[in-house]
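Hello,

Here is the structure we discussed. Please have it open while you read the notes below it.

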Amino acid sequence: MERATGLLDFDRYRQFIDRVAPTTSVLMFYFMGEPFLNKRAYEMIRYARQKNIHVETCTNGDFVDAKGIVYSDVNDISFQIGGMTQATHEVYRVRGKLDRVQTNIIELLEERQRNPRSSVKINVGFVVMKHNEHEVPEFLRWAKEIGVDCANVIDPCVRSVSEGELLLPSDKRYWFYNEEAFACGVLKPKYLPDNECTWIWNSLVVNWDGSVVPCCRDPNGRHVLGNAFETPLSHIWNGDDMQTFRRRVVTEQGKLDICRLCSGYGVPQLIHPQQVDFEIKRLTLDESKLDVPMDPIPMRCHQSTKNQGN
Ligand SMILES: C[S@@+](CC[C@H](N)C(=O)[O-])C[C@H]1O[C@@H](n2cnc3c(N)ncnc32)[C@H](O)[C@@H]1O
């Protein structure tokens, strides 16, 4: 990642939440970092919950404290597992400890049981990659056995053909990239949105230092639209830079670097279903639900475009 890393400051966060709470329905308390490296994460989440904001979080699970999670009153937490053995887990989750993550999940399930007023939904996620694809059935068996609410089997994102060659599973059902193009050395999603995006009208991303970027496709902060700790968010939301960015998305999306590898699917859930017994979700593109043709033009190989990662 190109931008500086750091920890969100509690006071600046609190002032920010005070300002945005009246017009915010969902806070996704994570981005590219690990939320629970911040010792005050539990208080921060609780603060937003007290302002009636629905809060979801996502974690590598290594540092999660069960009591803290129940105290935070977070609505939804997703633990990300990288494999069902330590060897496969740590390929992507470098220096992560699978047994520690699994213990933390079980402790949270037990803590929720002890606190009937807690309504936290506990999810586990598994990004399918070449080195762990054979473990998907075991992941689902384990998730059901320990009694989580939802197990997500997630199609992997990669940034370049070379990364794809290293990480993409051999089972192409887990791919959301165009296979024919990939074989020709070009990385592109099966479906590329054509001057359309739901995210830009519903959400934005605030980094730890307050800098605002349009969406999660901008981890490096290439399109900073302002600083939410210095300028009211409404000014940024309606500001010239944001308007220009939206206009570009709806007129010349193909020229925007951060849209190039985005298939556009998945919008923040603004209405939340009741907790169910057990649910399996595939975070993948359902091609049958698209009303646009899927890349009807056959790909030709252009070696010069090879390995252009995002
Ligand atoms: C970037 S992580 C950050 C949150 C947290 N620190 C974590 O490790 O999950 C946010 C989400 O991205 C997902 N993710 C990470 N790498 C991915 C990849 N290569 N393809 C698809 N999803 C990925 C994670 O599984 C998680 O759901």
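The notes cover the ligand shell, one sheet and one pair of helices.

This is a predicted model, in which local features need pLDDT of at least 70, side-chain atom pairs count only at pLDDT 80 or more, and totals for chains, interfaces and linings use all residues. Residues are numbered from 1 along each chain as its sequence is written.

Ligand shell. The residues around the ligand (C-beta atom, placed from the backbone, within 6 Å of it) are Tyr30, Met32, Glu34, Cys58, Thr59, Asn60, Gln80, Gly125, Val127, Ile154, Pro156 and Cys157. Two or more of these come from each of strand 2 (54–59) and strand 4 (121–127); strands (E, at least two residues) and helices (H or I, at least four) are DSSP runs, numbered from the N terminus.

Sheet. Three strands form an open sheet in the order 6-7-8, with antiparallel pairing, where a pair needs at least two DSSP bridges. Strand 6 (205–206) and strand 8 (226–227) are at the edges with a single partner strand each, so one side of each has no neighbour in the sheet. Strand 6 pairs with strand 7 (residues 211–213) over two bridges, and Val205 has Val213 as its bridge partner in strand 7.

Helices. Helix 1 (residues 10–20) and helix 2 (residues 41–50) pack at an angle of about 15°, with axes 10 Å apart; the axes are lines fitted to C-alpha atoms over the stretch in contact, and angles run from 0 to 180 degrees between N-to-C directions. The contact (C-beta atoms, placed from the backbone, within 7 Å) involves Phe10, Tyr13, Arg14 and Ile17 of helix 1 with Glu43, Met44, Tyr47 and Ala48 of helix 2.

Regards

Terms used. Contact = placed C-beta atoms within 7 Å.
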